[in-house]
Amino acid sequence: MTDRILCPRSRLILLALGLLLSCAPLAPARSDEPHWIRVSSSHFSVVTDADEKHGHDVVVRFEQMRSVFGQLLARNRINMSEPEDIIALRSDEEYSQVVPNRQGQAIAAGFFLPGEDRDFFVLNLSKTDSWRAVSHEFAYVFLNYNYPPTQAWFDEGFAEYFSSLRVEGTQGQVGGDPESFTELLNTTAWLALPDLFAMHSDVSAGPESSRHTLFHAQSWIVMHYLLAQNKLPETGTYFDLVENQKLPTDEAIQKAYGMTSAQLAQAVKDDFHSLAQASPPAKGKPASGAIQTIALTPDEQIGSSTQQLSDAEGKALVAEMSVRLPEHREQAVQELEAITGQPKGDNVVARRALAWAYTEKKQFDRAVEELNKGAELNPKDPWLHYYLALLRLRAAQSGGGSIQGLPNMMQDLRLVLDWDPEFAAARNMLAMAQLEGGGVHAAVDSMRVAIQLSPRDQNYQLNMAQIYLAGKSWDAATALLARLKNSSDAQIAKSATEQLEGLPMLKKYGVPPQRESSTRSQPAASAAPASSATPGPSSTSSSASARKPPEPQPQAEKQTPSPDEEAGADHPEQPPAPPQPDKRAIQFLKGKLIAVDCSQAPSAILTVAAGAKLLKLRAENYKALMLIGADDFSCDWKSRPVAVNYRAGGKADGDLVSLEVQ
């Protein structure tokens, strides 16, 4: 009886022990398996294989960097005009598989990859404060989208200043020495300020290139002085004088800062020496006198949400980034093909990434095939629609013809903009597609938004000039092209110069002069967004000048119509004499808009004050006025800082060409 009772009990004990032993190794196996999530905040999202806490910490730091940027430059509204993708990998092993190699050395904590359609920030979470490795590039990205064009020293100085950011609780500390510049500045003769301000920095080398140079060090300390002394308004005046009014550097410094360049240089040196003497910094720590403290939203008050991702989708998102790196492209394509080869793992991310790769190779049929398969998996994916539009554009550029499926392309782009209204490249493409379809006014509206979102992109401005030419807004086009012909971008300057030279013929006959080097026109070429150009020189600027000229308008649309007349070189006596071109020089003025009189709409009289000077500037039709910095013209504007291009009538009046509301 005892044996019969104990035997089942023994069996139960052995079974329980067996189950415990069999389950014991499962826990570490689960922790080692990839587990992908997307953590999103108000402005950023991160894809990571770490836990939710690490993902939340990353988006918190990016939100705080965005806040610091806005506070330093006194910006209430901050544009993010291109999607910013963040990938955070939990270990050195995973990170080492995707990190680019430059000059034989890998970037240990994080790297920045400017994409053709978006930017990527990739972090190694096994390193402490890995977000700081990309803070320098973060500053550059947001300057491009939120600050007017400046000289290289300003951008580099601000980026260096910003990259010193450290977070201590609810405070951000910025202003320390980010690259051990103090020793360099103490032991090296400084550049004269006019020489520093004239230098160009090669920022294309990327974050792994050495920034420990005199140019970077001196740019940093000049920016430190300007921010500490609240001299950014004077700096804005300086850029207006030197960039727009073309004053010599010394004269611009004198007028903007109220001191000579030598005096300004000495003030910067005095500021530097006072910082160094205040309290010598410990290694890796800034001097206390150099610190600017900025209040930050506490970590726990920055909300975020978490989305679970499949293993295949997580890997596809990483491969979508890696396919843009030449050294990892082949491996990334293989990984994407392996994912799409498994029915349970196939996903839209992998399909659109392969389509991107095929589009870059001009294998458009294969790209279409991948996008169609992606649409079967998730027809609402916004990137799918963006690439469909881009593919139509690239095919037109490659074949030298018109965009095929233009209405579908515009519909795709509108879906993209519903998802991300600040996507400047999509706005640019939509504008040029609208122009291709004959909608000049719609194209002006779309391109104006693109320029507002990305004020430094001169490709967009060149495209706007194309739209003005198509709409016969000659004065607005002339003002814009005159500014672009002085661009530091050789392609932009060449295209603008050629279009200015061909403008008289375009106005008289409706077609620009044919140049010997011109090839078959590509009507869709100027629609290419700067962010979608292939690596190397931008295709947008060169192709914009090759755009198919506007077709000559029927005679019935001219001011003095006659059905049987044709404005041609063989019949100069038939059409009425064309209006004489306005030969008055276009002048630039920066001041304050005092009032707007719209009593004779659609014309308007704008009263602009600049110092003691008061001008009455007339806009013939304010609805067609070239407008920058605002979506619509307002007759109620008062006391607004503005910049205007105009043709002088007398000493106190003129005709308005363009208006920038600041």
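Me: Leaving aside neighbours within four places in sequence, which residues is F138 in contact with?
Reply: Counting as a contact any heavy atoms within 4.5 Å, F138 touches F44, F62, M65, R66, F121 and F162 once its neighbours within four places in sequence are left aside. This is a predicted model, in which local features need pLDDT of at least 70 and side-chain atom pairs count only at pLDDT 80 or more, while totals for chains, interfaces and linings use all residues. Residues are numbered from 1 along each chain as its sequence is written, and side-chain values use heavy atoms, with hydrogens and water left out.

Me: Where does F138 sit, and is it buried or exposed?
Reply: F138 belongs to helix α5, residues 135–146, where helices are DSSP runs of H or I with at least four residues and strands are runs of E with at least two, numbered from the N terminus. F138 is buried, with a relative accessible area of 0%; buried means under 20%, exposed over 50% and partly exposed in between, with a 1.4 Å probe and protein chains only.

Me: Switching topic, how many disulfides does a search of the whole structure find?
Reply: The search finds 1 disulfide, taking a disulfide as a pair of cysteine sulfur atoms within 2.5 Å. C598 and C635 form this link, with their sulfur atoms 2.0 Å apart, and it is left-handed, at -95 degrees about the S-S bond.

Me: What does the pair tie together?
Reply: C598 lies in the loop between β12 (586–597) and β13 (604–610), and C635 in the loop between β15 (626–628) and β16 (640–648), so the disulfide ties together parts that are 37 residues apart in sequence. C598 is buried at a relative accessible area of 17%, whereas C635 is partly exposed at 27%.

Me: And α14, which of its residues are buried?
Reply: The buried residues of α14 are A332, V333, L336, I339 and T340. Seen down the helix axis, they fall within an arc of 120 degrees, so they line one face of α14, the arc being that of the directions from the helix axis to the C-beta atoms.

Me: What do those buried residues pack against?
Reply: They pack against α13 (311–322) and α15 (348–360).

Me: Zooming out, what does the secondary structure of the protein chain come to?
Reply: The protein chain has 24 helices and 17 strands, and buried residues make up 48% of its 662 residues. Among its contacts between residues at least 6 apart in sequence, 64% join residues at least 24 apart.
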